[in-house]
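Visitor: I should like to learn how the features of a structural model are read. May we go through one together?

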Amino acid sequence: MISALWVMIALSVILGIVLGYAAIRFKIEGNPLVEKIDAVLPQTQCGQCGHPGCKPYAEAIAKGESDINLCPPGGDEGIHKLADLLGVEYKPFGGDAKPKAKAVAFIDEQTCIGCTLCIQACPVDAIVGAAKQMHTIIASECTGCELCLPPCPVDCISMDTIAENINNWKWQHPVIIPVRAVA
Amino acid sequence: MRALHTFHGGVHPSTHKAESTRTPIRQARLPSQLIIPLWQHVGNRSVPIVQVGERVLKGQKIGRPEGKLSSAVHASTSGTVSAIDMQLVAHHSGLPDLCVTLIPDGQDEWITHAGVDVTQTSHAELRHLLRKAGVVGLGGAVFPSDLKTDAHRRQMKTLVINGAECEPYITCDDLLMRERAQDILRGAELLRELLQAEEVLIGIEDNKPEAIAAMQLAVTQAGYRNMEVLCIPTLYPSGGAKQLIRILTGIEVPAGVRSTEMGVQCFNVATAYSAWRALAHGEPVLSRIITVTGNVCEAQNFEVLIGTPLDELIALAGKQADTNRYIMGGPMMGIDLPSGTVSVTKATNCIIASSPKLFPPPAPAMPCIRCIRCADVCPADLQPQDLYWFAKSNNFGKAQEFNLADCIECGACAYVCPSNIPLVQYYRYAKSEIHERSVEKLAADKARERHEYRQFRIEREKTEKAERLAQKERDAAAAKASFEAGLAAAENAQQQSINEAIERAKVQAATTHALNTEALTQEQLAKIAEVDARRAKMRKLAATAGADDEPPKS
């Protein structure tokens with residue numbers, strides 16, 4: 001009777017030590033859910049969700065402070081993915097949040113005065129230039145977030161929609177002509 | 001005789017090859033203009049290196065390869081560049097792409113060109129020459145041949161030369177083998193040498209007995225050892241690279257693995273031919289054999305300059321009035337061309353003029369009844385009915401799990417489908433969606449990385465600035481302290497020097513005495529005594545007169 005008690009106590013102490021050590025040794029830094037949500041988000045860093053970037057939005061979603069339907073660049077599919085990931089109901093875009101066609105910023109280099117304000121606004125360092133020097137966009141790095149538009153004092157930045165070309169063209173879902181029921 | 005192997009599935013569509021093999025290859029007439037696309041190969045588009053209005057010679061390079069995976073583009077004849085702009089090209093999208101338009105001057109004047117002695121030239125140099133000559137896979141895949149001949153130091157066992165030509169209607173390789181077997185074999189030997197392969201296997205379907213005979217004769221005549229022409233059963237798609245490798249060698253190339261990793265490489269007969277022409281004669285790829293067939297008066301094979309507009313080519317074979325569209329390639333895998341103005345490219349092996357009678361519009365698609373005839377004929381051993389279901393419902397992850405990427409889009413499944421479902425279109429749709437997502441994912445990852453680095457940089461700059469500021473303050477405080485200390489020290493030093501001066505003066509005063517009172521004459525002494533007496537008298541007077549009065553002047 002007593003020996004059984006001792007065995008149980010010894011076992012619980014050993015297991016407690018092992019578990020305690022594991023909790024310290026394998027401690028997870030940060031919330032792993034945030035990383036998963038961040039991987040789904042389109043990384044435009046546009047702030048249209050009301051957060052200063054995709055990561056803060058992911059953090060807000062993970063904490064349950066933010067809705068999943070606030071990311072227009074992610075599109076409808078993005079909401080579906082978030083809903084699947086979090087096991088919540090799909091929600092359509094609310095209010096004026098609507099996905100737009102993909103675009104890249106374009107600086108009219110004749111008008112640009114070289115104020116560097118857009119460079120400071122760009123979240124992905126896709127604008128090259130220096131004070132009193134002409135600026136230009138690195139189109140391949142531009143996420144189309146539009147954050148460079150408001151700070152420009154001479155309104156020389158416009159958004160160019162990416163037109164369909166032979167490189168980005170893709171096959172459409174086959175259109176099936178409905179078959180009339182044979183009488 | 002070597003034992004042949006079989007691949008899974010396959011179909012037997014009616015071949016329609018007899019129509020275009022009655023006459024030998026004919027040289028196509030010089031067209032009124034050549035529209036030469038700068039993107040005729042897998043990889044990066046070539047960069048134009050000519051100007052509008054410039055006169056170019058036949059064989060002159062007009063497009064420079066860009067990056068590793070690219071190939072050169074040449075002027076097919078001599079003439080003047082009239083435009084470098086966007087023109088409709090032979091592509092599924094029906095969208096325009098960058099083309100060089102050339103107006104031939106009729107002289108067909110060659111640029112200076114000469115072949116090299118292939119036995120004396122290094123392999124690296126030969127590969128470079130292939131790239132410079134714009135040699136790409138002419139079977140239709142248009143992959144740059146210089147990259148395919150680099151075995152990456154793998155031990156190559158077999159070089160497969162593909163003369164199967166399994167698609168209906170197409171006979172360009174058939175005619176090429178009949179008429180130019182020797183050059184094909186020289187090219188094959190050259191490619192074998194480049195790959196350091198042990199043997200060359202040439203696979204030809206048994207519906208081309210003339211080609212087989214011509215090739216076998218050429219092998220015997222030239223006395224190539226380790227080279228064998230093999231007659232394989234006619235079965236679509238035995239001309240697919242993986243399928244032909246399977247038939248000839250029994251090797252099944254696994255998903256996501258290149259055949260070179262299994263010690264096998266595969267080239268089309270036309271590629272072997274053009275590789276030989278390019279290296280031994282210095283002729284870049286300027287023309288190719290194209291079958292013009294279908295709804296035309298005289299179906300036949302032409303040797304056509306790259307860039308010849310379709311309309312002019314069809315006119316040579318005699319256009320029929322009821323032709324409503326053109327197909328580039330075969331009826332199973334071909335591309336519907338957007339108009340007759342598009343030009344032929346290195347990928348064009350066949351042009352089929354189509355009429356509603358020849359290819360009636362497809363019957364409406366009916367629901368899938370899961371008869372799995374498609375799975376029975378799939379040469380890649382996939383489950384087309386499942387892939388169809390996943391593609392239709394946009395379940396791309398599942399489609400990938402079912403190895404959609406291994407689909408070669410041969411169309412055998414759609415050919416046998418009793419419900420007339422355009423299966424290949426679904427697979428292409430799913431493939432392009434998957435591709436787009438992977439591109440977007442890469443872009444998102446890059447944007448995330450750049451954004452995180454930017455934040456890290458801003459943070460770093462902030463701490464560096466704070467650090468600098470703190471350092472500056474510390475420096476200022478130290479400077480002030482040292483200045484004050486210096487000031488005090490200077491004051492001390494001054495005071496000390498004053499004190500020292502006083503001391504010195506005292507010492508001097510103590511040690512020295514006036515010298516002008518010594519050695520006075522009697523007379524002078526008397527005068528001094530007189531003056532002193534007068535002063536004493538004056539003082540006495542002054543003391544009696546009052547203290548405030550000024551002393552009287554002497």
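Visitor: In which sense do strands β2 and β8 of chain B pair, and over how many bridges?

Guide: This is a predicted model. To read a strand pair, one notes the sense of the pairing and then the number of bridges. Strand β2 (residues 34–37) and strand β8 (residues 96–104) of chain B are paired in the antiparallel sense, over 4 bridges. For the register, one takes a residue and its opposite number: Pro37(B) faces Cys99(B) in β8(B).

Visitor: Over how many bridges do β7(B) and β8(B) pair?

Guide: Strand β7 (residues 79–88) of chain B pairs with β8(B) over 9 bridges, in the antiparallel sense. The register can be read from Val81(B), whose bridge partner in β8(B) is Leu102(B).

Visitor: What is the order of the strands in the open sheet of 3 strands in chain B?

Guide: A sheet is read by following partners from one strand to the next. Here the order is β3-β5-β6 in chain B, and the pairing is antiparallel. The edges are taken by β3 (47–48) and β6 (73–74) of chain B; each has a single partner strand, so one side of each lacks a neighbour in the sheet.

Visitor: Which residues set the register within that sheet?

Guide: Each pair may be taken in turn. β3(B) and β5(B) run antiparallel and are joined by 2 bridges, and Val47(B) lies opposite Arg64(B) in β5(B). Strand β5 (residues 61–64) of chain B is likewise antiparallel to β6(B), with 2 bridges between them. In that pair, Lys61(B) has His74(B) as its bridge partner in β6(B), while Gly63(B) is opposite Val73(B).

Visitor: What order and what pairing does the open sheet of 6 strands have?

Guide: In this sheet of chain B the order is β1-β14-β13-β17-β15-β16, and the pairing is mixed. Its edge strands, β1 (26–27) and β16 (335–336) of chain B, each pair on one side only. Within the sheet, strand β13 (residues 287–294) and strand β14 (residues 300–305) of chain B form an antiparallel pair over 6 bridges. Ile290(B) has Phe302(B) in β14(B) as its bridge partner.

Visitor: Let us turn to helices. At what angle do α2 and α4 of chain A pack?

Guide: A helix pair is described by its angle, the separation of the axes, the handedness of the crossing and the residues in contact. Helix α2 (residues 32–40) and helix α4 (residues 75–86) of chain A pack at about 160°, and their axes are 10 Å apart. Because angles over 145 degrees count as roughly antiparallel, α2(A) is described as roughly antiparallel to α4(A). Their crossing is right-handed. On the α2(A) side the contact is made by Lys36(A), Ile37(A) and Val40(A), and on the α4(A) side by Gly78(A), Lys81(A), Leu82(A) and Leu85(A). By class, this contact has 4 nonpolar, 1 polar and 2 charged residues.

Visitor: How do helices α4 and α5 of chain B pack?

Guide: Helix α4 (residues 181–195) and helix α5 (residues 209–222) of chain B pack at an angle of about 65°, with axes 9 Å apart. The crossing of α4(B) and α5(B) is right-handed. Ala181(B), Gln182(B) and Leu185(B) of α4(B) meet Ala214(B), Met215(B), Ala218(B), Val219(B) and Ala222(B) of α5(B). The residues of this contact divide into 7 nonpolar, 1 polar and no charged.

Visitor: How should the overall form of each chain be read?

Guide: One may set the radius of gyration beside the value for a compact globule. Chain B has 48 Å, whereas a compact globule of 554 residues would have a value near 24 Å. Its C-alpha atoms fill a box of roughly 165 × 60 × 50 Å along the principal axes, and its secondary structure comes to 14 helices and 17 strands. For chain A the radius of gyration is 26 Å, against a value near 16 Å for a compact globule of 183 residues. The C-alpha trace of chain A spans about 90 × 75 × 35 Å along its principal axes. Chain A has 5 helices and 4 strands, in the sequence pattern α-α-α-α-β-α-β-β-β.

Visitor: How many residues of each chain are in contact with the other?

Guide: An interface is read first by its residue counts, then by the elements that supply them. Here 21 residues of chain B are in contact with 22 residues of chain A. On the chain B side, helix α13 (residues 423–511) gives the most, with 13 residues. That side of chain B comprises 9 nonpolar, 5 polar and 7 charged residues.

How values were computed. Residues are numbered from 1 along each chain as its sequence is written. Chains are lettered from A and ligands numbered from 1 in the order in which they are written. This is a predicted model: local features need pLDDT of at least 70, side-chain atom pairs count only at pLDDT 80 or more; totals for chains, interfaces and linings use all residues. Axes are lines fitted to C-alpha atoms, for helices over the stretch in contact, and angles run from 0 to 180 degrees between N-to-C directions. Angles under 35 degrees count as roughly parallel, over 145 as roughly antiparallel, 65 to 115 as roughly perpendicular and the rest as oblique. A crossing is left-handed if the near helix is turned anticlockwise from the far one by less than a right angle, and right-handed if clockwise. Two residues are in contact if their C-beta atoms, placed from the backbone, lie within 7 Å. Ala, Val, Leu, Ile, Met, Phe, Trp, Tyr, Cys and Pro count as nonpolar, Asp, Glu, Lys and Arg as charged, and the others, Gly among them, as polar. Two strands pair if DSSP finds at least two bridges between them. The radius of gyration is taken over C-alpha atoms; the globule rule is 2.2 Å times the number of residues to the power 0.38.
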